[in-house]
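Biologist: I should like to request a close look at a single part of this protein. Please choose one element, and explain carefully how it sits among the others.

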Amino acid sequence: MIHAVTVQNQHLYAAQLDQMFRMRHAYYVLGHQWAGVSSREGREIDEFDDGEVVYLLALDILGDVAASLRLNPGDQDTLLRKFESVYCAEPLTRDAASFDLSRWIARPEDRRGEAARWRTNAQRELMLGLLEFCGRRGVRRLTMLAEHRLAERIASYGWPLRYLGEAQPYE
């Protein structure tokens with residue numbers, strides 16, 4: 001089941017948000033050793049985890065986080081906007097009809113890896129939840145700073161994809 005977590009209902013999801021931040025730490029900090037990624041007490045959190053952030057959480061039958069992603073309104077500061085001069089060949093638009101998607105993460109047993117298909121439905125449900133969220137909110141555009149393989153995977157699902165700049169090496 002997909003849950004949309006906002007500033008208004010975050011207090012109801014304290015345990016799940018803690019799981020999500022710890023998953024992000026394990027993946028981005030420990031697993032990929034990304035430079036400049038902040039981590040406190042085993043939780044990866046940055047400046048875009050404040051304000052009007054929305055988390056979409058795919059919860060399993062026990063209420064644990066199987067997969068999650070972060071959405072920041074496009075009319076505010078976003079992760080992509082922070083690196084716009086490096087990764088974008090054109091200026092980003094600032095409007096409420098767009099969201100910046102980042103920190104898409106899944107626990108190891110819910111990742112696809114090199115397999116042709118995901119092992120569980122958590123990622124599929126998260127994608128459908130994202131489409132439903134965008135449809136209900138009138139979101140017409142998602143931006144994302146992503147590894148090239150993730151962008152290719154998204155394009156393979158038939159989602160319209162437009163690169164905003166050339167691929168850049170990163171660690």
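Modeller: A residue is called exposed when its relative accessible area is over 50%, buried when that area is under 20%, and partly exposed in between. The model is a predicted one, and the part I have chosen is strand 6, residues 98–106. By the cut-off just given, nine of the nine residues of strand 6 are buried, so this strand is largely enclosed by the rest of the structure.

Let us begin with its partners in the sheet. Strands of a sheet pair through backbone hydrogen bonds, either parallel or antiparallel. Strand 6 shows both senses: it pairs with strand 5 in the antiparallel sense over six bridges, and it runs parallel to strand 7, residues 141–144, to which four bridges join it. Individual positions can be matched as well: F99 in strand 6 stands opposite P73, and S98 stands opposite R141 in strand 7.

These pairings belong to an open sheet of five strands with mixed pairing, in the order 1-4-5-6-7. Its edge strands are strand 1 (2–5) and strand 7, each of which pairs on one side only. From one strand to the next, the twist averages 30°. Towards the other edge, strand 1 and strand 4 run antiparallel and are joined by four bridges, with A4 having L56 in strand 4 as its bridge partner. Helix 1, residues 14–31, lies across strand 1, strand 4, strand 5 and strand 6, and runs at about 75° to strand 6.

Next, consider the nonpolar side chains. In soluble globular proteins, nonpolar side chains tend to be buried together. Here the largest nonpolar core has 20 residues, and W104 is one of those with the most contacts inside it, along with others including L56, L69 and F133. Strand 6 is one of four elements that each supply at least two residues of this core, the others being strand 4 (54–59), strand 5 (65–73) and helix 4 (122–137). The largest share, six residues, comes from helix 4. With residues up to four places away in sequence left out, W104 touches Y28, S68, L69, Q123, L126, M127, M144 and I154. Apart from this core lies another, of 16 residues, with I105, L17, Y28 and L57 among them.

Charged side chains also take part. Side chains of opposite charge can pair when their charged atoms come close. R103 and E44 meet in a salt bridge, at 3.0 Å from N to O. This pair links distant parts of the chain, for R103 is in strand 6 and E44 in strand 3 (residues 43–44), 59 residues apart. Both partners are buried. In another salt bridge, D49 meets R70 at 3.1 Å, N to O; D49 is in the loop between strand 3 and strand 4, and R70 is in strand 5. D49 counts as buried because its relative accessibility is 8%, and R70 counts as buried because its value is 0%. Salt bridges that share partners join R24, E44, D46, D49, R70 and R103 into one network.

A further pair offers a useful contrast. R94 forms a salt bridge with D77, with the closest N and O atoms 3.1 Å apart. R94 lies in the loop between helix 3 (84–87) and strand 6. R94 is partly exposed because its relative accessibility is 48%, whereas D77, at 54%, is exposed.

Methods
Residues are numbered from 1 along each chain as its sequence is written. This is a predicted model: local features need pLDDT of at least 70, side-chain atom pairs count only at pLDDT 80 or more; totals for chains, interfaces and linings use all residues. Side-chain values use heavy atoms; hydrogens and water are left out. A nonpolar core is a set of buried Ala, Val, Leu, Ile, Met, Phe, Trp, Tyr and Cys residues joined through side-chain atoms within 4.5 Å. Buried means under 20% relative accessible area, exposed over 50%, partly exposed in between (1.4 Å probe, protein chains only). Contact means heavy atoms within 4.5 Å. Two strands pair if DSSP finds at least two bridges between them. Axes are lines fitted to C-alpha atoms, for helices over the stretch in contact, and angles run from 0 to 180 degrees between N-to-C directions. A salt bridge is a side-chain nitrogen of Lys or Arg within 4 Å of a carboxyl oxygen of Asp or Glu.
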